[in-house]
There are 2 protein chains.
Amino acid sequence: VTGIGDDCAVLRVPPGHELLVTTDFTIENVHFRRDWHRPELVGRRCLTRGLSDIAAMGGEPLAAFLSLAVSSDVPQKWVDRFLKGVLDLAAEFKVPLAGGDTAQSRAGIQADIVVVGSVPKGKAVLRSGANAGEQIYVTGELGGSAAALARLMELKPGGPEYFQHFSRHSHPFARVAVGRWLRQRGVASAMIDLSDGLSTDLDHICQESHVGAEIEAEAIPRAQVGKKPVALELALHGGDDYELLFTSAATVPSKIAGVPVTRIGRTTQSAEMRLIGVDGKVRLLKAGGWEHFQGNQKS
Amino acid sequence: VTGIGDDCAVLRVPPGHELLVTTDFTIENVHFRRDWHRPELVGRRCLTRGLSDIAAMGGEPLAAFLSLAVSSDVPQKWVDRFLKGVLDLAAEFKVPLAGGDTAQSRAGIQADIVVVGSVPKGKAVLRSGANAGEQIYVTGELGGSAAALARLMELKPGGPEYFQHFSRHSHPFARVAVGRWLRQRGVASAMIDLSDGLSTDLDHICQESHVGAEIEAEAIPRAQVGKKPVALELALHGGDDYELLFTSAATVPSKIAGVPVTRIGRTTQSAEMRLIGVDGKVRLLKAGGWEHFQGNQKS
């Protein structure tokens with residue numbers, strides 16, 4: 001990257017690669033609350049949202065750009081700690097923060113993160129590549145972030161020890177290495193990151209690929225809180241886990257880049273999503289995903 | 001562009017080209033006022049800010065991304081007209097709107113525009129390339145946008161006929177064709193777009209290039225309002241004209257891509273900016289540029 005501080009940042013895209021661009025808002029009282037979330041975590045999650053989109057294409061992040069609008073009542077200390085969260089995670093992923101814009105807002109905090117990445121030409125893993133009769137996989141465990149949020153909504157935070165259980169909420173991490181592995185081996189036919197919740201994001205794959213899906217409730221890897229798994233509803237519909245959901249006709253190992261990978265069902269020729277319950281009963285599964293605090297719609 | 005509606009947009013950068021990325025906030029009551037500016041103009045200026053940054057590097061715009069946060073009190077009609085302004089200008093420049101994000105804001109309207117462009121490898125025109133003893137040029141006329149704003153601040157809008165005089169304010173247009181011409185011929189040693197005002201943006205070139213500047217007040221092409229030129233102060237410090245400011249040791253024609261180009265001074269070995277007044281007196285010129293309504297700082 002050159003040109004930082006110039007009219008534009010100048011980036012070099014590796015030869016034979018295509019460019020990936022993703023942009024995500026992080027808005028106070030929609031995506032976080034100042035009285036609930038440490039500023040470092042807000043910054044960390046802000047960048048994770050962008051990196052996770054790059055991961056879901058099987059891409060490599062090249063650079064990030066942060067636009068930040070803050071109202072005059074927000075302490076500079078908050079902004080400094082927010083930026084520390086962004087920059088620490090950028091360093092973990094070796095992604096330079098190459099520019100952005102700052103402005104004063106009328107109320108609260110609005111951040112827009114842009115992540116630019118690259119992928120070998122024609123190799124981006126789209127949402128539209130799934131075929132009927134393939135297996136459906138997820139990385140990691142689901143519902144942990146939603147469980148933390150549910151707990152916060154009950155206003156029973158319960159101290160830092162308790163929050164260690166909610167690692168996906170308190171320490172979100174984009175699955176870039178898993179996405180890269182799957183893209184390099186051509187293993188995933190379609191992929192998406194779980195930002196809005198399994199049911200909603202699976203619905204995106206089904207719609208774009210013109211397939212249906214059959215999910216086995218018992219197979220869904222649920223996050224543990226203490227020794228108890230989170231409620232199935234949270235694992236099905238809870239957002240902000242930043243795990244990867246993908247389809248494959250190939251043999252998929254149970255661990256990729258150190259991350260557990262679990263088969264949770266299969267694609268079908270039907271236009272519907274179905275859930276095979278723990279009781280063996282089949283239910284219609286609808287996109288009932290995460291609506292954030294006040295509703296958020298991804299374009 | 002493919003992948004619209006996927007996790008990322010997928011773009012192809014022409015072979016042998018580098019990537020340009022710029023991001024600019026447009027915030028209600030900072031960059032516009034809903035009671036002053038038509039929504040189409042707000043949208044048009046929002047995209048112009050990004051295109052103008054690409055123009056200032058001598059680049060070609062490839063795609064735009066719009067993130068838009070709107071509070072519940074903003075009528076859908078306003079949003080539709082704002083988007084029309086963005087899309088109409090995008091069509092004029094043949095730049096696809098390739099993605100973005102939408103969210104609900106706590107107060108007012110916040111838009112973040114990202115424009116991605118390309119430039120042949122090593123050919124981006126930076127702010128840092130000026131040498132002492134070169135000539136300084138601007139495109140078009142200066143101060144017209146600031147004059148319109150000054151008039152609005154007096155709360156004497158005066159009807160649409162009056163505003164036809166303020167074409168740079170009511171119809172901002174990025175100088176992409178001029179920037180391309182200058183880059184293709186290697187004519188400009190350093191370049192910036194006039195978004196913050198001549199004195200501030202010239203100071204950026206001086207700082208980055210380690211040169212000084214001597215500007216001739218009489219030579220500055222001032223916008224006309226009716227038959228009268230705008231005040232020199234507005235042409236010197238007024239922002240949002242989106243003209244190009246560049247330095248050159250070569251012969252520069254008086255018109256490039258149909259746009260008048262005017263020599264306004266020269267670079268010097270001094271570390272200062274000087275203004276030679278209409279009275280022949282030499283004054284120290286300081287960056288006294290546009291602060292928008294409430295202050296805005298570009299990173």
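**Notebook: helix α3, the chain A–chain B contact, salt bridges, cysteines**

I began with helix α3 (residues 144–153) of chain A: seven of its ten residues are buried, so the helix is largely enclosed by the rest of the structure. I listed the buried ones as A:G144, A:S145, A:A146, A:A147, A:A148, A:L149 and A:L152. I note here that the model is a predicted one.

**Symmetry**

I superposed the chains next. Chain B falls on chain A after a rotation of 180 degrees with 0.0 Å of shift along the axis, at an RMSD of 0.0 Å. I recorded this as the relation of a two-fold axis. I then asked which residue of chain B comes closest to the rotation axis. B:A107 does, with its C-alpha at 2.9 Å. I also checked whether both copies use the same surface, and 100% of the contact residues of chain B recur in chain A.

**Interface**

I counted 60 residues from chain B and 60 residues from chain A in the contact. The area buried between the two chains is about 5000 Å², and carbon and sulfur atoms give 51% of it. I looked up which three residues supply more than any other three on the chain B side: B:D7, B:F25 and B:R106, with 15% of the area that chain B buries against chain A.

For polar terms, I found 18 residue pairs in polar contact across the interface, both residues being at pLDDT 80 or more. Six salt bridges cross between chain B and chain A. I noted B:R127 with A:D6, whose side chains meet at 3.6 Å, N to O. The elements of chain B that give two or more residues to this side include β1 (9–11), α1 (39–55), β3 (60–70) and β5 (109–120). The largest share, nine residues, comes from β2(B).

I picked one residue of that strand to look at. B:T26 lies in β2 (residues 17–27) of chain B. I asked whether B:T26 is buried or exposed. B:T26 counts as buried because its relative accessibility is 5%, under the 20% cut-off. Leaving out residues up to four places away in sequence, I found B:T26 touching B:H31, B:F32, B:V42, B:C46, B:R49, B:I109, B:Q110 and B:A111.

**Salt bridges**

I obtained a count of 38 salt bridges over all chains. I looked at three pairs within chain B.

- B:E28 and B:R34 meet at 2.8 Å, N to O; B:E28 is buried at 5% relative accessibility, while B:R34 is partly exposed at 25%.
- B:R38 pairs with B:E40, the closest N and O atoms being 3.6 Å apart; B:R38 is partly exposed at 46% and B:E40 is buried at 18%.
- B:E92 and B:R44 meet at 2.9 Å, N to O. This pair links distant parts of the chain, helix α2 (residues 76–92) and helix α1, 48 residues apart. B:E92 is partly exposed at 42%, whereas B:R44 is buried at 8%.

In chain A, I found A:E214, A:R266, A:E272 and A:R274 linked in a network of salt bridges.

**Cysteines**

I asked how many disulfides the structure holds over all chains. The count is zero. A:C8 is in no disulfide, and its nearest cysteine sulfur, that of B:C46, is 15 Å away; a disulfide would need the sulfur atoms within 2.5 Å. A:C46 is likewise in no disulfide, with the sulfur of B:C8 nearest at 15 Å. I recorded A:C8 as buried, with a relative accessible area of 1%, and A:C46 as buried at 0%.

Key:
Residues are numbered from 1 along each chain as its sequence is written. Chains are lettered from A and ligands numbered from 1 in the order in which they are written. This is a predicted model: local features need pLDDT of at least 70, side-chain atom pairs count only at pLDDT 80 or more; totals for chains, interfaces and linings use all residues. Side-chain values use heavy atoms; hydrogens and water are left out. Buried means under 20% relative accessible area, exposed over 50%, partly exposed in between (1.4 Å probe, protein chains only). Helices (H or I, at least four residues) and strands (E, at least two) are DSSP runs, numbered from the N terminus. Copies are superposed by least squares on the C-alpha atoms of residues with pLDDT of at least 70 in both. Contact means heavy atoms within 4.5 Å. Buried area is the accessible area (1.4 Å probe) that two parts lose on being put together, summed over both. A salt bridge is a side-chain nitrogen of Lys or Arg within 4 Å of a carboxyl oxygen of Asp or Glu. A polar contact is a pair of N or O atoms within 3.5 Å; within protein, one must be able to donate a hydrogen and the other to accept it, and residues adjacent in sequence count only if both atoms are side-chain atoms.
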